[in-house]
Amino acid sequence: MNDGATAVPALDVAGVSKAYDTASGRRIALSETSVRIEAGEFVSVVGPSGCGKSTLLMMMAGLLAPSEGEIRLDGRPIDGPPPGLAVVFQDYSRSLFPWMSVRRNLALAAASDKLPKEEVARRVQHCLTAVGLPDAADLRPYQMSGGMQQRVAIARALMVQPQVMLMDEPFAAVDAQTRADLEDLVVRLGQEFGATIVFVTHDIDEAVYVADRVLVLAAGPGRLAADIPVDLGSRRDQVETKLDPEFARLRSEVFQLVMRPRAIVDVPVSASA
Amino acid sequence: MSSPAAVADPAAPTGGPAAGGPGPARPPRWRRALTTLADGWLLLALLVVWEVWARADPSLFFPPLTKVLGEFGSVYLTSDPSTLFLSAGFWDNAGVSLARFLQGWLGAIVVGVAAGLALGRSRVLSRMYDPIVRFFMSMPKVALLPVAVQIFGVTDAMNVFLIFLGTVWIILVNTADGIAGVDESWVRSGRSLRLSRFALFTRVLLPAAAPRILAGIRVSVGTALILMIVSELYATTSGLGYQIVYAERTFAYLEMWAGLVLVALIGIALNGAMSAVERRLLRWERRTGLADL
Amino acid sequence: MSTAPAGPATTEGRIARLGYPVAGVASVVAVWALASGLGLVAPEALPGPLAVLAAIPQLLGDGEFLPELGDTLWTWLVSLVLTTVVAVPVGLAVGSVPAAQRATMVAVNAFRSVPSSALIPIGILIFGLGITMKVALAVYAIAWPILISTLYGVASTEPMRIDAGRSMRWPWWRRQVFVVLPSALPQIATGIRIAASVALVVVVSTELLGASTGAGVVLVSYQQGLRPDVVYAGVLLLAAMGAIVYALLAGLERRLFTWVPHV
């Protein structure tokens, strides 16, 4: 954000579309979307279901190829999961591997770096400490609560020392209290590790609270509806920030953007159906 | 994966009466052993029924259990600790049979899992070979016994061939179904970690498919034992099945029953070992409650 | 393993769907033909595909095989029905008495670990060479898997559904019939499907080992007459029978238990 527009953006989404062939014909999940995300930015992505926000994230992760357009990471086109990029998935029970200890789950993330054993061990400990679980290395995922498992998933993402961290509705499956803790954790880690973070969520409060910038997507077909800077300073607090009038203004602005298209478009369609 | 589960061993350790969730702490080991022992009352009662029935209605073909056990002791057990109290008669028969069993069965596991991996990951291969593999799976392989004898003569290779051919398909189908059914989230997660193809197979796909693969292998133990015995009954000059049929032909019915007891004990031991391996490897599955998915 | 999404119903799609299996079968038959054509395997061990194909009508037309195949099928069906009729109610009853469950499992696990084929000589001694012996051995072989799957099916009944029945003040038998049985049925069906293939193996085994009737008996006599081509033809026909029965049972399961997600 601070480097200005002249530098190469961390993530450059250029004219990207994604369409699927389904039994009932071609369905466009995302159409003609362009976004530039600068290094060190914390960007959240919100939108109604079916707006293609997860699709966009999976394409950034190199797990899904765009039908048209291109996504560049540090100027290099993405074709497959790139190095220096980590993903935290929504469902921790299906992204962590339950047949391995926490330690081995984390070490696996560094497997492609061919590091010496001691370095891996050091990094595992460092990342676990960073997410507040310094003593969890020998546990198995199923011995932990959902919130702890998602912390482990975040620690695993940190293992690759990512420049870019993509998070796909990471806290959708945890309770409200844990969720607040995890939001603060992610904000802090973003600042400490200096990583660029793209954070997909369906929770509007969360989108505004964690980010420097909110991208609002609209559905049918999925497209970028708005790009809203969040000017709440770098320090966020669950109580103070959420009492800030600016927070309230942003949240209602995003809320209207998310809800309005549905009110206008969906009603006649469903009425005729 | 729209096909119905090819095999789901009903006794597989998934969500049955014995499946424990992350519930209260388990009682100590000796306590559990004692409970298991106490749960043997029905088995014991049935064996007593055998004893009483055979004594009440004496028949040459159906001797009482105590007599069979006495015969078993004198034929297969010696008091020599150096051979684990087992006689030469035991090692001659059981050793030969188990060697055949292991060769055929382990071969089937290696080939079945490897081919199953290929079929489970390749859409083209699975479309091409799925029907054939299922055809072979439902074939009563024992019908090949006469042909196997023709090809190999009365050799160990004949028994091994039949055991291999009889078990490889079920392992293959279960591996392929297991691999194809691995939750895409795990694969995606592995790919996002930039795992090599090899690491993706060994660290993600195989462990994730392990419940299904092991279910197939567990069913194959029973089939392999059946085929081992049948092939030895049909034509051999050694092994457990031969021992039984030889005793029958020489009218040594007690010895025949003793042979049956030995086969039963070996079957129970092998199945028990298989369950133990399965429980050990699949601890994560029982705990996460994914077993029912 | 099956191809999940049905593609667009174009001619092209249909050709592609059929083309793959045809190519797969063709490749296997080609390897077979090559192996026997080049003399890699002795003709008495594995005759060429054409020879085996030619033996099929001969086998079907010899006036003996078809009735004996019918006998095998009949024996197999009788064992399956008999076992199901006995083992499923026993399983349901035992399953509803928690105290009996574990003891039953211990006993059943012991009995099912005994390879049923080892009982064939004893079965012959006690029951002779007729259908009684064949059915008795097949029943022994499949009673355990069906019983176990029934027990597991009963145990997997969602307790909340039983409570729902209770709250409607349903009597015990009503809860069994309308809650427990339907919950257990899919598992029972799976058990029966597995049992079906085991039963066929056992029935054919007894026929190879001395039973007086059945398709296996015919195969043994052709083997002794040094006609491996006919034996292979017979094996293929038995396999086809097994495959058809398996597919029928699997299809029936899918039809009846639409609420069960097939993994």
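# Notebook: a predicted model with chains A, B and C

**Entry 1: how the chains meet.** I started with the chains, and found that of the two pairs that touch, chains B and C share the most contacts. I kept in mind that this is a predicted model. Next I looked at chain A and chain C, which do not touch; their nearest C-alpha atoms are 7 Å apart.

**Entry 2: confidence in chain C.** I looked up the pLDDT of chain C and found a mean of 85, with 93% of its residues at 70 or more. Where does pLDDT stay under 50 in chain C? I found that stretch at residues 1-8, for which the model has 19 contacts beyond four places in sequence.

**Entry 3: the six-stranded sheet of chain A.** I traced an open sheet of six strands in chain A, in the order E6-E7-E8-E3-E9-E10, and noted that its pairing is mixed. Strand E6 (85-88) and strand E10 (223-229) of chain A are at the edges with a single partner strand each, so one side of each has no neighbour in the sheet. From one strand to the next I read an average twist of 15°.

I then picked out one pair of strands. Strand E7 (residues 164-168) of chain A runs parallel to strand E8 (residues 196-200) of chain A, and five bridges join them. Opposite A:Val164 I found A:Thr196 in E8(A). Helix H1 (residues 53-60) of chain A packs on this sheet, where it touches strand E3 (42-46), E6, E7, E8 and strand E9 (213-218) of chain A. The direction of H1(A) makes about 150° with that of E7(A).

**Entry 4: the four-stranded sheet of chain A.** I found another open sheet in chain A, with four strands in the order E2-E1-E4-E5 and antiparallel pairing. Which strands are at its edges? They are strand E2 (25-37) and strand E5 (76-77) of chain A, each of which pairs on one side only. Two bridges hold the antiparallel pairing of strand E4 (residues 68-73) of chain A with E5(A), and there I saw that A:Arg72 has A:Pro77 in E5(A) as its bridge partner. H1(A) turned up again here: it packs on this sheet by touching strand E1 (11-22), E2 and E4 of chain A. This time I noted an angle of about 115° between the directions of H1(A) and E1(A).

**Entry 5: helix H4 of chain A.** I checked the span of helix H4 (residues 146-159) of chain A. With 14 residues at 1.5 Å a residue, H4(A) should span 20 Å, and its end C-alpha atoms are indeed 20 Å apart. Is H4(A) largely enclosed or largely open? I found 13 of its 14 residues buried, so H4(A) is largely enclosed by the rest of the structure. Just after H4(A), I noticed that A:Gln161 has a positive phi of about 45°.

I also looked at a neighbour of this helix. Helix H2 (residues 102-109) of chain A and H4(A) have axes that come within 8 Å and cross at roughly 30°, and the crossing is right-handed. From H2(A) I listed A:Val102, A:Asn105, A:Leu106, A:Ala107 and A:Ala109 in the contact, and from H4(A) A:Val152, A:Ala155, A:Arg156 and A:Met159.

**Entry 6: helix H5 of chain C.** How many of the eight residues of helix H5 (residues 120-127) of chain C are buried? I counted six, so to speak of H5(C) as mostly covered is fair. The buried residues are C:Ile120, C:Pro121, C:Ile122, C:Gly123, C:Ile124 and C:Leu125. I followed their packing into chain B, to helix H9 (197-234), helix H10 (240-249) and helix H11 (253-281), and within chain C to helix H6 (131-155) and helix H8 (172-208). After H5(C) comes C:Gly128, with a positive phi near 80°.

**Entry 7: helix H3 of chain C.** I found that helix H3 (residues 65-95) of chain C and helix H10 (residues 228-256) of chain C cross at roughly 35°, with axes that come within 12 Å. The crossing is right-handed. Here C:Phe65, C:Leu69, C:Leu73 and C:Trp76 in H3(C) meet C:Gly234, C:Leu237, C:Leu238, C:Met241 and C:Val245 in H10(C). I remembered that an α-helix has 3.6 residues a turn, so residues three or four places apart point the same way.

Last, I looked up C:Gly91, which lies in helix H3 of chain C. C:Gly91 is buried, at a relative accessible area of 0%. Leaving out residues up to four places away in sequence, I found that C:Gly91 touches C:Leu147, C:Thr150, C:Leu151 and C:Val154. C:Gly91 and C:Pro145 are 54 residues apart in sequence, and their C-alpha atoms are 11 Å apart in space.

Methods: Residues are numbered from 1 along each chain as its sequence is written. Chains are lettered from A and ligands numbered from 1 in the order in which they are written. This is a predicted model: local features need pLDDT of at least 70, side-chain atom pairs count only at pLDDT 80 or more; totals for chains, interfaces and linings use all residues. Side-chain values use heavy atoms; hydrogens and water are left out. The expected span of a helix is 1.5 Å times one less than its number of residues. Buried means under 20% relative accessible area, exposed over 50%, partly exposed in between (1.4 Å probe, protein chains only). pLDDT is the predictor's confidence in each residue, from 0 to 100. Contact means heavy atoms within 4.5 Å. Two strands pair if DSSP finds at least two bridges between them. Axes are lines fitted to C-alpha atoms, for helices over the stretch in contact, and angles run from 0 to 180 degrees between N-to-C directions. A crossing is left-handed if the near helix is turned anticlockwise from the far one by less than a right angle, and right-handed if clockwise.
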